[in-house]
Amino acid sequence: MTVVPGNTAGQTDSAGRPTNSAAPATPTDTATPADSATPTDTATPADSTTAATNQPDEIAGPAAVAPAAAAPELAAPEIAVQVKNVYKVFGRRANEAVRKLSRGATRDEVKHLGTAAVIDASFEVARGEIFVVMGLSGSGKSTLIRMLNGLWKPTSGQVRIGGADLAEVSGKELRAIRQRSVSMVFQHFALLPHRTVRDNAAYPLEIQGMAKAERLAKAQTALELVGLTGWEDRLPSELSGGMRQRVGLARALAADTDVLLMDEAFSALDPLIRREMQEQLVEIQHKLNKTIIFITHDLNEAMFLGDRIAVMRDGRIVQIGTSEEILSDPATDYVAQFVADVDRTRVLTASSLMNRPAAVVPMSAGPRGASRTMREAQVSAAYVVDRSRRLRGVVYDSEVVAAVRAGITSLETLVRDDVTAVTEDTSLSEIFAPASESPLPVPVTDAAGRLMGVIPRVALLEAMVPSVSEDHDEPTASEVDDAPVSDALALAQQGAHS
Amino acid sequence: MITAATTSGLPRLDLGDSAASFVTWVTTTFSGAFDQIKAVIVWFYDLIDLVLSAPPFWSVVLVLVLAAYCVKGWKLAVGSLVGFVIIATMNQWDNAMDTLALVILSSTIALVIGIPLGIWAARNDAVSRTLRPVLDFMQTMPAFVYLIPTVVIFRVGVVPGIVATVIFALAPGVRFTELGIRGVDKEVVEAGHAFGATESRIMRQIQLPLAMPTIMAGINQVIMLSLSMVVISGMVGAAGLGRDVVAALQRVDMSLGFEAGVSVVILAIFLDRVTSALAARAPVSQALAKAAA
């Protein structure tokens with residue numbers, strides 16, 4: 001049995017079996033070598049789900065959703081940035097406009113009072129999270145990000161960075177917060193053209209008043225991190241766009257703040273360079289665990305980077321959620337239209353597609369039990385799991401029936417482990433290969449190798465169709481299901497389309 | 001002060017008389033202050049003139065040619081040398097040095113006043129709005145007109161010439177400085193704020209260096225305007241080439257007029273090329289030039 005990305009290598013032995021299976025209680029299981037019981041093994045899948053739902057919901061506001069990155073072991077995510085009912089209206093009668101907006105007036109209705117750039121924005125960003133604000137130009141996202149470091153003052157509402165309310169602090173304190181807690185990367189790089197790459201990267205530290213030798217050493221570390229070694233003595237004008245933005249990133253990293261604001265940071269770059277930078281950013285984020293707030297108009301970029309995404313339209317945040325939530329459950333027609341042409345295969349993961357397997361046979365059931373289960377579910381093959389729900393392989397009806405006739409009482413010899421499993425966070429694009437190799441639905445396992453569900457091929461195909469045109473595509477889906485192929489999809493979703 | 005009717009039939013508005021009585025009032029009220037200003041200007045002028053005129057011709061030429069070589073290169077140095085020799089052979093060297101002293105002093109004063117005003121205007125929209133019509137007025141008022149009140153206030157000599165020149169040449173210093181600072185990439189200034197820099201640091205390390213090419217162009221303009229004005233101020237008794245030009249005009253002396261005029265042209269080209277070369281040596285200009293190469 002092979003496992004597609006996401007699963008750590010150490011969890012399967014050379015034969016492809018999980019090495020740390022639970023201690024067997026039934027005689028049929030005793031044949032498995034290298035069995036050992038560890039405390040964590042006793043946890044059932046149900047336990048982890050409970051842990052996830054019991055996760056305290058720290059996020060305020062109706063649209064807010066718990067961060068996707070928050071793993072169950074992270075008890076209470078520390079809030080790095082808190083934005084509460086923030087309004088920004090440009091114009092002389094801004095306060096009046098805010099009063100009307102808060103009573104439900106639209107942006108156009110208050111046009112005569114001022115330009116409402118941001119209307120009632122509320123969200124919280126946990127430490128170590130990548131939070132993407134996505135919207136088209138004029139949606140207010142640039143204004144919003146500039147309120148997070150006090151470049152703009154909100155007309156009303158609160159912005160808290162590390163507990164300090166930016167509206168309350170003095171100019172000196174605000175500068176201290178900018179030096180210590182929140183740095184920024186700009187769309188057009190905003191480098192000093194007359195300073196070398198090294199001096200540019202060291203500039204925030206110069207502002208902080210750090211001694212020259214120390215700040216240059218720190219700048220060097222940051223430049224190494226973004227892969228600019230050897231370019232330190234060049235001027236920004238001698239660098240390509242992608243490299244200039246690396247300098248911008250190195251400068252923000254050298255400041256060594258917890259929060260990193262990125263304003264359309266990769267929008268001015270070529271698509272290929274952009275992808276490279278996105279991957280590098282994710283890598284750096286894993287290494288340094290920065291809190292990143294990323295502004296973009298590119299939905300694919302938002303989906304690739306964001307632990308959570310806030311979609312903005314006309315100054316309002318219309319939806320906050322993980323990329324999957326936004327794709328599969330758009331809050332408004334606007335969001336639905338927006339996500340219609342996203343490359344869903346890169347965003348959707350196995351966990352959002354998987355169904356409950358129709359027929360799962362415990363190892364202890366034996367050939368007789370397996371044949372009964374398959375008969376009841378009207379399938380011709382079934383996945384076999386051990387007591388801890390770890391996937392052991394697959395058994396086929398003909399072999400099981402033959403085994404029953406021959407009087408064999410253990411499934412051990414019948415289980416075939418030539419099954420390719422994927423993990424829950426495997427992206428859709430990587431599931432096509434295993435799905436095409438076998439007529440069986442693709443099994444999905446968690447990190448410990450437990451069977452979490454299966455992805456029938458039909459579900460894979462269905463997922464490719466954007467939800468806006470769902471009605472239109474319904475007949476096609478059932479056609480596929482009714483086709484003779486469905487016989488081969490032995491473990492098809494229980495009760496679906498029957 | 002509406003007195004007789006005009007040819008258009010409208011009543012006569014004596015704006016000129018008002019201006020004249022205002023100048024008279026200013027002269028009598030602040031005569032003490034003006035005497036002080038006059039003394040300071042004369043002192044500075046004499047000092048600069050002494051430095052330029054007292055040493056032997058060749059030593060001054062050597063210094064100027066060396067300066068041309070340093071800021072630009074040997075071509076400008078050779079050209080300057082030829083030009084200065086031509087001035088000397090026309091026996092206009094002393095006049096040229098007097099004029100150079102006037103230009104140096106008046107453009108320095110104009111820049112000392114103009115650049116801070118430009119910075120202020122760049123940072124404050126109200127100041128910018130107020131200054132704009134004032135600068136328009138100063139720049140478009142015929143240059144000769146400035147000589148009248150300055151003569152009334154300071155009497156004939158070098159000082160009214162310098163003061164009129166400062167007023168006339170002030171505008172581009174203010175305008176170019178404001179333009180340069182306002183033209184600095186907003187994002188770069190934002191970056192300064194975003195990393196917690198103070199206003200004064202942003203001005204020193206971001207806005208002024210990035211605006212420097214434009215400010216240098218303004219300095220060049222101030223110097224060129226000063227040169228044209230110090231020639232005109234020969235009419236009120238300022239020393240230098242201007243006095244010969246005015247004398248040639250009065251006597252219809254073609255040869256003197258030509259020689260003084262050519263000397264002005266040579267001096268103008270020298271000053272223009274040197275200041276342009278200085279502008280190109282600003283760090284930001286060099287960085288951009290490197291990118292283009």
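UniProt positions are given here in the numbering used for this structure, and such annotations may be inferred rather than shown by experiment. With that in mind, the tour begins with chain B of this predicted model.

**Stop 1: the annotated stretch of chain B.** Select residues 96–275 of chain B, which an unreviewed UniProt entry annotates as "domain: ABC transmembrane type-1". Over this selection the chain is 87% helix and 0% strand. The C-alpha atoms at the two ends of the stretch are 18 Å apart.

**Stop 2: the annotated stretch of chain A.** Next, select residues 81–339 of chain A, listed by UniProt (unreviewed entry) as "domain: ABC transporter". Here the chain is 40% helix and 24% strand, and 27 Å separates the end C-alpha atoms.

**Stop 3: where the chains meet.** Display both chains together. In chain A, 21 residues are in contact with 20 residues of chain B. To find the side of chain A that touches chain B, select helix H4 (171–180), strand S7 (182–185) and helix H5 (197–208) of chain A, each of which supplies at least two residues to that side. H4(A) gives the most, with four residues. Colouring this side of chain A by class shows twelve nonpolar, six polar and three charged residues.

**Stop 4: an open sheet in chain A.** Hide chain B and turn to the open sheet of four strands in chain A, whose order is S3-S2-S5-S6 with antiparallel pairing. Strand S3 (115–126) and strand S6 (164–165) of chain A stand at the edges; each has a single partner strand, so one side of each lacks a neighbour in the sheet. Now select strand S2 (residues 79–90) of chain A, which runs antiparallel to S3(A) and is joined to S3(A) by eight bridges. Within this pair, Phe90(A) is positioned opposite Thr115(A) of S3(A). Add helix H2 (residues 94–102) of chain A, which packs on the sheet and touches S2, S3 and strand S5 (156–161) of chain A. The direction of H2(A) makes about 110 degrees with that of S2(A).

**Stop 5: a single residue.** Finally, centre the view on Ala302(A), found in helix H9 (residues 299–305) of chain A. Is Ala302(A) buried or exposed? Ala302(A) counts as buried because 27 C-beta neighbours lie inside 10 Å, and 20 or more are required for that class. Leaving aside neighbours within four places in sequence, Ala302(A) is in contact with Val132(A), Met134(A), Thr296(A) and Ile309(A). Select Gly135(A) as well: its C-alpha atom is separated from that of Ala302(A) by 9.8 Å, although the two residues are 167 residues apart along the chain.

Key
Residues are numbered from 1 along each chain as its sequence is written. Chains are lettered from A and ligands numbered from 1 in the order in which they are written. This is a predicted model: local features need pLDDT of at least 70, side-chain atom pairs count only at pLDDT 80 or more; totals for chains, interfaces and linings use all residues. Two residues are in contact if their C-beta atoms, placed from the backbone, lie within 7 Å. Ala, Val, Leu, Ile, Met, Phe, Trp, Tyr, Cys and Pro count as nonpolar, Asp, Glu, Lys and Arg as charged, and the others, Gly among them, as polar. A residue is buried if 20 or more other C-beta atoms lie within 10 Å of its own, exposed if 12 or fewer, and partly exposed in between; C-beta atoms are placed from the backbone. Two strands pair if DSSP finds at least two bridges between them. Axes are lines fitted to C-alpha atoms, for helices over the stretch in contact, and angles run from 0 to 180 degrees between N-to-C directions.
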